[in-house]
Amino acid sequence: MDGDARVLDGGEPSSQRGGLSRERIVSTAVSFIDELGLPGLTMRKLGQRLEVEAMSLYRYVPSREELLDAVVTHVMDEMEDDPDVVSAPVNGWQDFLQRLAHAVRRVALNHPKVFPLVASRPVEAPWLRPPLRSLSWVERFLDALLEEGFDDEGAVGAYRAFSSFLLGHLLLEVAVHGADVGPLDVVEEDKPDRELTEYPTVERLRRALSENHAAIEFEDALEELLRRLELIRTGVH
């Protein structure tokens, strides 16, 4: 008997009662992780929560890996409905970045046990950095800074620095809220390149975005930290 047609409690089939769909499966997975954490999530347990057989889920999400990718997309899409976020600078680039940073932080704090997935799974383009790894948001980020006077190199550098700041701070913060941040659920599988014609700025700057400047960025961040500590030491805040 097909799992979707399984009758529970003498009533109608569970899939009809609950309206099984990809969106419902993904949102339920998010709620499961929010409540119990990522390690406990299996297709069998998710099926139990949805009152269907696990095999029924594979019609909508072919694998657990695809499910986790969809979970990341689902929580990051919350930024689209965040009333405090703007798609382009209204009151300057600093205000734009502050709003964006706080929006990512709200996602992290709303879903602390999900957020490590945002840090580790290359949902759309593996060469983009978490947590701002949505092509749509990276396109908006780069366009915003270019419109505000940054050149290509400066916009890419700002993207790197902004991403590093957010990821480092928020991973520490969600860990305090019970998130399992190690080992991260990193996916090494090769994925076909995403078509970028809808994101011309990302496509034009892809090579620069893909470059590894980790050593330089570490030194720059360390110097900035030392500068701030010196200000603290001398009482200048």
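This report describes a predicted model of one protein chain, from its overall make-up to selected residues.

## Overall make-up and confidence

The secondary structure of the protein chain consists of 12 helices and 0 strands. Read along the sequence, the pattern is therefore α-α-α-α-α-α-α-α-α-α-α-α, with helices numbered from the N terminus. Of the 237 residues in the protein chain, 41% are buried. Among contacts in the protein chain with a separation of 6 or more, 69% are between residues 24 or more positions apart.

The average pLDDT of the protein chain is 82, and 81% of the residues score at least 70. Over residues 183-190 the pLDDT is below 50, and this stretch has 13 contacts in the model beyond near neighbours in sequence. Residues 1-17 also stay under 50, with 32 contacts beyond four places in sequence. Where pLDDT is low, the predicted coordinates should not be read in detail.

## The annotated region and Glu 51

In an unreviewed entry, UniProt lists residues 42-61 as "DNA-binding region". In the model, this span is 60% helix and 0% strand. The end C-alpha atoms of residues 42-61 lie 13 Å apart.

Glu 51 lies in the loop between α3 (43-50) and α4 (54-57). Although Glu 51 is not a glycine, it has a positive phi of about 60 degrees. Glu 51 has a relative accessibility of 35%, so it counts as partly exposed.

## Helix α8 and its surroundings

Ahead of helix α8, Pro 131 is found in the loop between α7 (115-120) and α8. A cis peptide bond joins Pro 130 and Pro 131, with omega at about -5 degrees.

Helix α8 covers residues 135-147, which is 13 residues. At 1.5 Å a residue, these should span 18 Å, and the end C-alpha atoms are 18 Å apart, so the expected and modelled spans agree. Just after α8, Gly 149 takes a positive phi of about 105 degrees.

The buried residues of α8 are Leu 135, Trp 137, Val 138, Glu 139, Arg 140, Phe 141, Leu 142, Ala 144 and Leu 145. These buried residues pack against α6 (93-110), α9, α10 (200-204) and α11 (206-210).

Arg 140 has its place in helix α8. Its relative accessible area is 16%, so Arg 140 falls under the 20% limit for buried residues. Leaving aside neighbours within four places in sequence, Arg 140 is in contact with Glu 80, Ser 87 and Phe 96. Arg 140 also lies over the face of Trp 137, at 3.8 Å from the ring centre.

## Aromatic pairs

The structure holds 3 aromatic pairs. Two of them are set out below.

| Pair | Distance between ring centres | Angle between planes | Arrangement |
|---|---|---|---|
| Trp 93 and Phe 150 | 5.2 Å | 85 degrees | edge-to-face |
| Phe 141 and Tyr 159 | 5.9 Å | 70 degrees | edge-to-face |

Trp 93 lies in helix α6 and Phe 150 in the loop between α8 and α9, so this pair ties together parts that are 57 residues apart in sequence. Trp 93 counts as partly exposed because its relative accessibility is 31%. Phe 150 also counts as partly exposed, at 23% relative accessibility.

For the other pair in the table, Phe 141 lies in helix α8 and Tyr 159 in helix α9, so the parts tied together are 18 residues apart in sequence. Both Phe 141 and Tyr 159 are buried. Ring pairs link Phe 141, Tyr 159 and Phe 162 into a cluster.

## Arg 160 in helix α9

Arg 160 is found in helix α9 (residues 152-176). Its relative accessibility is 6%, so Arg 160 counts as buried. Not counting residues up to four places away in sequence, Arg 160 touches Arg 129, Ala 208, Leu 209, Ser 210, Glu 211, His 213 and Glu 217.

Notes. Residues numbered from 1 in each chain as written. Predicted model: local features only at pLDDT ≥ 70, side-chain atom pairs only at ≥ 80, totals over all residues. Heavy atoms only, no water. UniProt positions renumbered as here; feature names shortened; annotations may be inferred. Helix = DSSP H or I, 4+ residues; strand = E, 2+ residues; numbered from the N terminus. Buried < 20%, exposed > 50% of the residue type's maximum accessible area, 1.4 Å probe, protein only. Contact = heavy atoms within 4.5 Å. Expected span 1.5 Å × (residues − 1). pLDDT = per-residue confidence, 0-100. Phe/Tyr/Trp six-rings, centres within 6.5 Å; stacked < 30°, edge-to-face > 60°. Lys NZ or Arg CZ within 6 Å of the ring centre and 35° of its normal.
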